[in-house]
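I opened my notebook for a quick look at this one. Come along as I go through the entries.

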Amino acid sequence: MQEEIEKKAVSFVISTSKLTIRGLLKGMHLYLRYRANRKAKAANEHVHGKQKVKALLRQDAGAVTVDIEKTELKGFERVARKYGIDYAVEKDHEKGEGYLIFFKAKDDAAVQSAYKEYAAMAFKKKDARESLKSRIERFTEKARSMFKESRVRNKKQERSR
């Protein structure tokens with residue numbers, strides 16, 4: 001019985017110059033209205049964007065899973081925010097490297113278009129960029145060839161008089 005009373009006890013502070021019954025009732029009325037609004041918001045509120053896997057799987061629709069690397073994680077997050085997709089990121093424990101992304105949206109078209117855009121972006125990014133190692137090798141060869149040309153000396157003897 002005592003525990004129930006303790007759980008239901010509330011303290012609030014009213015700063016006033018003169019405490020009256022009317023002021024106390026007004027303060028209580030404001031507090032009760034605040035609690036009612038907060039409960040209504042909590043019941044209707046749905047978390048969007050990045051969230052935990054359990055919270056994502058508790059929602060009504062099924063989730064789709066994709067394996068990606070850590071370097072591609074930001075790109076997916078950008079696309080997911082653009083399409084309003086709820087997603088959760090979890091480290092892939094089987095492989096030891098990479099991440100599993102669980103994602104879902106209200107309509108399947110948003111999920112499909114986001115996945116297509118992300119896949120195209122990842123494919124384009126891999127093809128468009130030359131690896132750093134190959135770039136370094138290419139420039140070192142270029143520097144060597146320039147250095148060899150400058151080192152060639154033309155030896156001619158001149159006669160002194």
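Entry one, a term to settle before I start: I count a polar contact when a pair of N or O atoms lies within 3.5 Å, and within protein one must be able to donate a hydrogen and the other to accept it. I also keep in mind that this is a predicted model.

Entry two, a loop residue. I looked up Asp92 and found its place in the loop between β2 and β3. Its side chain reaches the backbone nitrogen of Glu94 at 3.4 Å. Is Asp92 buried or exposed? I noted 7% relative accessibility for Asp92, and because buried means under 20%, Asp92 counts as buried. I then set aside the neighbours within four places in sequence and listed what Asp92 is in contact with: Asp67, Glu97, Gly98, Tyr99 and Leu100.

Entry three, the sheet. I traced an open sheet of 3 strands in the order β1-β3-β2, with antiparallel pairing. Why do β1 and β2 each have one side without a neighbour in the sheet? β1 (64-68) and β2 (86-91) stand at the edges with a single partner strand each, so one side of each stays free of a neighbour there. From one strand to the next, I noted a twist that averages 25 degrees.

Entry four, one strand pair. I followed β2 to strand β3 (residues 99-104): the two run antiparallel and are joined by 6 bridges. Within this pair, I found Val89 opposite Ile101 in β3.

Entry five, the helix. I saw that α4 (residues 73-83) packs on the sheet and touches β1, β2 and β3. The direction of α4 makes about 165 degrees with that of β2.

Key:
Residues numbered from 1 in each chain as written. Predicted model: local features only at pLDDT ≥ 70, side-chain atom pairs only at ≥ 80, totals over all residues. Heavy atoms only, no water. Pairing = 2+ DSSP bridges. Axes fitted to C-alpha atoms, helices over the stretch in contact; angles between N-to-C directions. Contact = heavy atoms within 4.5 Å. Buried < 20%, exposed > 50% of the residue type's maximum accessible area, 1.4 Å probe, protein only.
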